Amino acid sequence: MRFPGAHEGSAPPPVAEAIERISGLLNGDKADLADLPVFLSGTTDFEDRVYAEARRIPRGEVRTYGEIAEAIGEPGAARAVGAALGRNPVPIVIPCHRVLGGHGKSGGFSAPGGTVTKFRMLEIEGAKRPGDPELFETLPLAVRPTSRP
């Protein structure tokens, strides 16, 4: 409606591939988006380092905000890492859903649906911390994500 006479076109091949891979990931495919090119502008050096580290988290694994801070050489900057991830301009491609608060806390999630969406995405990926039996085992039954057919 904003652009009368406009016609929907086909996505350029790199965009079409990204859409296909993101859709696959959300449908349970073992897609890895770490190699999708991302061109950000207006981000700080700190944010760029946080985003790069988040992209290194393998599908199905999680890290804490503190672990990200340590990995980028900023120990004690867990809150700043959380704030940077809250400004993440391309969630899923920069997988901020794979970053949790300390002591098993969810942390935030700025995408629609908030932490419910975060945990659903982690469930789709079969996420768990290295060495842990299951990420969601210790959650009270009332807040555990439910499996969907």
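## A walk through the cores and helices

Start in the middle: select Phe46, Val50, Ile68, Val81, Leu85 and Val99, which touch the most other members of the 26-residue largest nonpolar core. A nonpolar core here is a set of buried Ala, Val, Leu, Ile, Met, Phe, Trp, Tyr and Cys residues joined through side-chain atoms within 4.5 Å. Buried means under 20% relative accessible area, exposed over 50%, and partly exposed in between, using a 1.4 Å probe and protein chains only. Helices α1, α2, α3 and α4 each give two or more residues to this core, and the largest share, 4 residues, comes from α2. Helices (H or I, at least four residues) and strands (E, at least two) are DSSP runs, numbered from the N terminus.

Before you click on, know that this is a predicted model, where local features need pLDDT of at least 70, side-chain atom pairs count only at pLDDT 80 or more, and totals for chains, interfaces and linings use all residues. Residues are numbered from 1 along each chain as its sequence is written, and side-chain values use heavy atoms, with hydrogens and water left out.

Now pick Val81. Which residues does valine 81 contact, leaving aside its neighbours within four places in sequence? They are Phe46, Val50, Tyr65, Ile68 and Ala69, where contact means heavy atoms within 4.5 Å. Apart from the largest core lies another one, of 5 residues, including Val62, Leu100, Phe119 and Leu122.

Next, go to α2 (residues 45-55) and select Glu53. Is glutamate 53 buried or exposed? Glutamate 53 counts as buried because its relative accessibility is 18%. Not counting residues up to four places away in sequence, glutamate 53 touches Ile68, Ala71 and Ile72. Add Pro95 to your selection: it sits 42 residues from glutamate 53 along the chain, yet their C-alpha atoms are separated by 9.8 Å.

Time for a loop. Asn88 is in the stretch between α4 and β2, and asparagine 88 counts as buried, at 6% relative accessibility. A polar atom of the asparagine 88 side chain lies 2.9 Å from the backbone nitrogen of valine 90. Beyond four places in sequence, asparagine 88 is in contact with Tyr51, Ile94 and Cys96.

Stay in that loop, between α4 (78-86) and β2 (99-100), and click Ile92. Isoleucine 92 is not a glycine, but has a positive phi of about 80°. Isoleucine 92 also counts as buried, at 17% relative accessibility.

Now show α1 (13-26). Its 14 residues should span 20 Å at 1.5 Å a residue, and the end C-alpha atoms are indeed 20 Å apart; the expected span is 1.5 Å times one less than the number of residues. Colour Ala18, Arg21, Gly24 and Leu25, the buried residues of α1. Look down the axis of α1: these buried residues fall within an arc of 130°, so they line one face of the helix. That arc is the one made by the directions from the helix axis to the C-beta atoms. What do the buried residues of α1 pack against? They pack against α5. Just after α1 comes glycine 28, with a positive phi near 100°.

Finish on α5 (residues 114-125), which has 12 residues and reaches 17 Å from its first C-alpha to its last, close to the expected 16 Å. Its buried residues are Gly114, Lys118, Phe119, Met121, Leu122, Glu123 and Glu125. Among what covers them are α1, α3 (65-71) and β2. Your last stop is glycine 126, which follows α5 and has a positive phi, near 65°.

Key: Polar contact = N/O pair within 3.5 Å; in protein donor to acceptor, adjacent residues only side chain to side chain.
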